[in-house]
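Hi everyone, thanks for coming. I'd like to walk you through a structure that is new to most of you, so please have a look at it with me.

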Amino acid sequence: MTKPDMNNLEQTARRWLEERGVTVEKIAELVYYLQSKYHPDLTMDECIENVNRVISKREVQNAILTGIQLDKLAEDGRLDEPLQSIIRRDEGLYGVDEILALSIVNVYGSIGFTNYGYIDKQKPGILQYLNDKSTGKCNTFLDDIVGAIAAAASSRLAHRAANTE
């Protein structure tokens with residue numbers, strides 16, 4: 001999705017997501033997964049709209065670019081040890097990837113934290129693919145960023161629904 005009013009930073013963040021196999025629609029499926037039981041009339045269009053709104057935030061764009069760049073550097077073996085091995089393996093005790101993701105979740109309040117924790121454990125949809133080490137890709141940061149975007153979009157959706165009741 002490119003619009004005339006979209007700045008270069010947002011265009012780049014969206015392009016980098018797509019180059020890594022992540023589309024707005026795939027993130028929207030995660031939002032639907034998180035919110036459909038609470039909003040029985042929820043549509044994919046609403047999920048897509050909320051994902052697009054989250055990605056339009058500069059803090060989110062910065063996290064996307066930073067995380068993807070670190071993943072690509074690790075994938076190419078261009079980080080110094082021991083960081084190279086830690087990120088490449090997605091070591092369990094390395095929490096910087098989650099911290100970066102929480103900067104996205106934090107944009108829409110505390111409900112996003114529970115959504116993020118839940119989806120990070122479940123790993124449905126695109127998250128399962130991003131966590132598949134057999135692809136040869138390093139998505140240590142990207143899987144958490146995608147989960148955080150979905151959690152933030154879910155939070156945005158929940159807040160907006162609460163305001164209309």
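Let me begin with one term: a salt bridge here is a side-chain nitrogen of Lys or Arg within 4 Å of a carboxyl oxygen of Asp or Glu. Please also keep in mind that this is a predicted model.

With that term in hand, let's go to the pair I like to start with. E75 forms a salt bridge with R20, and the closest N and O atoms are 2.8 Å apart. E75 lies in helix 4, residues 58-75, while R20 lies in the loop between helix 1 and helix 2, so this pair ties together parts that are 55 residues apart in sequence. The side chains of R20 and E75 are also joined by a polar contact of 2.8 Å.

Let's stay with R20 for a moment. If you want to find R20 on your screen, look at the loop that runs between helix 1 (8-19) and helix 2 (24-35). Is R20 buried or exposed? R20 is buried, because its relative accessible area is 11%, and the cut-off for buried is under 20%. Its partner E75 has a relative accessible area of 23%, so E75 counts as partly exposed.

Which residues does R20 touch, leaving out those up to four places away in sequence? The list is I68, D71, K72, E75, Y129, L130, K137, C138, N139 and L142. Two names on that list, E75 and K137, come back in another role: R20, E75 and K137 are linked in a network of salt bridges.

Now let's widen the view. How many salt bridges does the structure hold? There are eight. I'll show you two more of them.

One is in helix 1. E19 forms a salt bridge with R15, with the closest N and O atoms 3.5 Å apart. Both residues lie in helix 1, four residues apart, and that is about one turn of the helix. R15 is partly exposed, at a relative accessible area of 43%.

The other is in helix 3, which covers residues 44-55. Here E49 forms a salt bridge with R53, and the closest N and O atoms are 2.8 Å apart. E49 and R53 are four residues apart in that helix, so about one helical turn separates them. E49 counts as partly exposed at 37% relative accessibility, and R53 is partly exposed as well, with a relative accessible area of 42%. To place this pair against our starting point, the C-alpha atoms of R20 and E49 are separated by 21 Å, and the two residues are 29 residues apart along the chain.

Next, helix 2. Helix 2 has twelve residues and reaches 16 Å from its first C-alpha to its last, close to the 16 Å expected at 1.5 Å a residue. Which residues of helix 2 are buried? They are V24, I27, A28, L30, V31, L34 and Q35. These residues cover an arc of only 150° around the axis, which means they sit on the same side of helix 2.

Helix 2 also brings us to the aromatic rings. The structure holds two aromatic pairs. In one of them, the rings of Y33 and Y118 have their centres 6.3 Å apart and their planes at 20°, so the pair is stacked. Y33 lies in helix 2 and Y118 in helix 7, residues 111-122, so this pair ties together parts that are 85 residues apart in sequence. Y33 is partly exposed, with a relative accessible area of 32%, and Y118 counts as partly exposed at 36% relative accessibility.

The rings of Y94 and F141 have their centres 6.2 Å apart and their planes at 85°, so that pair is edge-to-face. Y94 lies in the loop between helix 5 (83-89) and helix 6 (96-105), and F141 in the loop between helix 8 (126-130) and helix 9 (142-164), so the pair ties together parts that are 47 residues apart in sequence. Both Y94 and F141 are buried.

One last stop, back in helix 7, where you will find D120. D120 is buried, with a relative accessible area of 19%. Leaving out residues up to four places away in sequence, D120 touches E98 and D144.

That's my tour. Thanks for listening!

Technical notes: Residues numbered from 1 in each chain as written. Predicted model: local features only at pLDDT ≥ 70, side-chain atom pairs only at ≥ 80, totals over all residues. Heavy atoms only, no water. Helix = DSSP H or I, 4+ residues; strand = E, 2+ residues; numbered from the N terminus. Contact = heavy atoms within 4.5 Å. Polar contact = N/O pair within 3.5 Å; in protein donor to acceptor, adjacent residues only side chain to side chain. Buried < 20%, exposed > 50% of the residue type's maximum accessible area, 1.4 Å probe, protein only. Expected span 1.5 Å × (residues − 1). Arc of directions from axis to C-beta. Phe/Tyr/Trp six-rings, centres within 6.5 Å; stacked < 30°, edge-to-face > 60°.
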